[in-house]
Amino acid sequence: MTLPAKFRFRNSDSIGAADAEEDLRFLRNCFVDIGYLDSLRDCDDPKRIVIGRTGSGKSALLLHLRELEDHVIEIKPESLALAYISNSNVLDFFSNIGVRLDVFYKLLWRHVFAVEILKHHFHINSESEKRNFLVRIRDLFKNNKKDETAIEYLEKWGKSFWQETEYRIKEITNKVEDELKASAISQVPGINFSGGGSIVLSEEQKTEIVNKAQHVVNDAQIRELSDIIDLIDNVISDRKKRYYIVIDRLDENWVDDKLRYRLVRALIETVRDFRKVRGVKIIISIRYDLLRRVFSQTRDAGFQEEKYDSLYLRMKWDRDSMKSMLDKRINYLVKQRYTNQEVGYKELLPKQIKGYDPFSYMVERTLMRPRDLISFFNYCIEQSINSPVVSGIVLLNAEYLYSRARLKSLADEWYADYPSLLDYAKILKNRPPIFSISLITDKEIEELCLAVAAEKGLRKDNLSEIGFSIAEGLSGAYEMKFMLVKIFYIVGLIGIKNGSYSEYVWSYKDEGMLYDGDSNDEVKIAIHPMFYMSFGVKAHSMRQRSTRRD
């Protein structure tokens, strides 16, 4: 099929934006369902935590759900005023002396969800509707003693139950703060809850306060909210009327990190608790790296991550889905202005690039995420203004820009874990596409650590501290080499092959094949083709393989 004679790329052309909220036009017209939408829409399906790396299509999936379903309640984390909690001297005091506040955080989430569902179901949008609600709910369950506690909870909170979420969170927090302070003052009169108040306490006093305070946190409200969940299940008797609560953008700075990890952990627990409510599904979207940090930072005795596995919907794209996505977006771009004919990548890209089909060449330089391929093609457009096609030379020029941008994006994605990633990734520069770990010498590691320490100084992350120690001559370089290889594998810079793997494994495709960083100089490293141009790798291409087929 040929292109319309008048077609030329314009300065304003693109096949979409990196951010789903800015990509609405393409998402609505070019959405590709890779088999997950029906699972999310099914309230009986346990999958309700959408996991994927940045750019894998999580937000797009939730956006499409909101457009298909009538009863979708969106909760934005930044609208919850949870910074109010992080600024609480009282909660900070009790957390520092060892009181576990996780149950309180679950209370907040349950309260928010209960209010949102009841408001939506009973169409409570005015003061009169709020007043009539309790009368209606009492009439519905007047002979049901099991729901009595839940109704008493609703009555206790009264008018404030229906206030804006921010108001409700502050009120609940204030109530818990008052109860916690009272429990501590009963043990140590005149105690100071700000600054270093906990420092002057004896260990015996701390133990007594912790025991009392933990009882406050675990007290009746939690049981009442468990009854609220049962009440909601009874209220929503029409199983054909499905309600969805969706929460996205948990990776953004809606509250400080230490509290955010605890709140997200409590949210995951609450999502699991709400499975018993038929006709209601709470769906959250979370980045893979954030989920790792949440469980790492909140891990406690007896923690079993596998108990959450049934909740996970892991975003995975294959080559055919990526091709469909690219063709749909190209077709939409061209058809808007020029033609009713179907147009795809074959009409715009060269027949071959370095002996490869252009799509195969481009998709090989992605982490199998839509955002990568969209970004690559947008760079091709940018280099082809006033031209009807993308030439081979232009595609390679675009690849250089794309590769550098993707490396920076990867560093941003993993900054919370590895703020010095780009500094230490320089060890991969000018390497062959495949090489043994033994080619990275101790001298190279030492020189790199010295250079990074001189330029950046000491940072407070584990990688930088070890690098600084090596630069100071206090530690050896051998262990650092294997730590870097493990980190490079985790973030997706490299694939790994050792004696126990028949093929190369990649963290973004082979989650079950995690390289453990064993000190083995015979381990083979494959630099991901996405970063060939960033690192100056001299190679045509390498077909990525894994122990699991796409």
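**Figure 1. Phenylalanine 435 and its partner across the strands.** In this predicted model, phenylalanine 435 stands opposite isoleucine 525, a residue of strand 8. Strand 6 and strand 8 (residues 524-527) run antiparallel and are joined by three bridges. Zoom out a little and an open sheet of three strands appears, in the order 6-8-7, with antiparallel pairing. Strand 6 (434-436) and strand 7 (494-497) are the edge strands, each pairing on one side only. Averaged over the sheet and ignoring direction, neighbouring strands are turned by 25° against each other. As a reminder, strands of a sheet pair through backbone hydrogen bonds, either parallel or antiparallel. Helix 22 (residues 478-491) lies across strand 7 and strand 8, and runs at about 115° to strand 7.

**Figure 2. Helix 6 meets helix 9.** Here the axes of helix 6 and helix 9 (residues 165-185) come within 11 Å and cross at roughly 145°. The crossing of helix 6 past helix 9 is right-handed. On the helix 6 side, look for Phe104, Leu107, Leu108, His111, Val112, Val115 and Glu116; they meet Thr165, Arg168, Ile169, Ile172, Thr173 and Val176 of helix 9. By character, the residues of this contact divide into eight nonpolar, three polar and two charged. A handy rule when reading such a view: an α-helix has 3.6 residues a turn, so residues three or four places apart point the same way.

**Figure 3. Aspartate 102, a buried residue of helix 6.** Aspartate 102 belongs to helix 6. Because its relative accessibility is 14%, and buried means under 20%, aspartate 102 counts as buried. Beyond its neighbours within four places in sequence, aspartate 102 is in contact with Arg262 and Ala266.

**Figure 4. Phenylalanine 94 in the largest nonpolar core.** Which residues touch the most other members of this core? Among its 173 residues, they are Phe94, Phe113, Leu493 and Ile494. Helix 6 (residues 102-121) gives the most to this core, contributing ten residues. With neighbours within four places in sequence set aside, phenylalanine 94 is in contact with Val99, Leu180, Lys181, Ala184, Phe193, Ile209 and Ala213.

**Figure 5. Helix 13 and its surroundings.** Why is helix 13 (residues 288-298) described as largely enclosed by the rest of the structure? Eight of its eleven residues are buried, so the description fits. The buried residues of helix 13 are Tyr288, Asp289, Leu290, Leu291, Arg293, Val294, Phe295 and Thr298. They pack against strand 1 (49-52), helix 12 (257-273), strand 4 (280-287), strand 5 (312-314) and helix 18 (392-413).

**Figure 6. Two loop residues with positive phi.** Most residues other than glycine have a negative phi. Methionine 368 has a positive phi, near 55°, and is found in the loop between helix 16 (358-364) and helix 17 (370-382). Is methionine 368 buried or exposed? With a relative accessible area of 11%, methionine 368 is buried. Asparagine 386 also has a positive phi, near 70°, and its place is in the loop between helix 17 and helix 18. Asparagine 386 counts as exposed, at 62% relative accessibility.

**Figure 7. The whole protein, for orientation.** The protein has 23 helices and eight strands. Of its 550 residues, 53% count as buried. Among contacts between residues at least 6 apart in sequence, 76% join residues at least 24 apart.

How values were computed. Residues numbered from 1 in each chain as written. Predicted model: local features only at pLDDT ≥ 70, side-chain atom pairs only at ≥ 80, totals over all residues. Heavy atoms only, no water. Buried < 20%, exposed > 50% of the residue type's maximum accessible area, 1.4 Å probe, protein only. Helix = DSSP H or I, 4+ residues; strand = E, 2+ residues; numbered from the N terminus. Contact = heavy atoms within 4.5 Å. Core = buried A, V, L, I, M, F, W, Y, C linked by side-chain atoms within 4.5 Å. Axes fitted to C-alpha atoms, helices over the stretch in contact; angles between N-to-C directions. Left-handed = near helix turned anticlockwise from the far one by under 90°. Nonpolar A, V, L, I, M, F, W, Y, C, P; charged D, E, K, R; others polar. Pairing = 2+ DSSP bridges.
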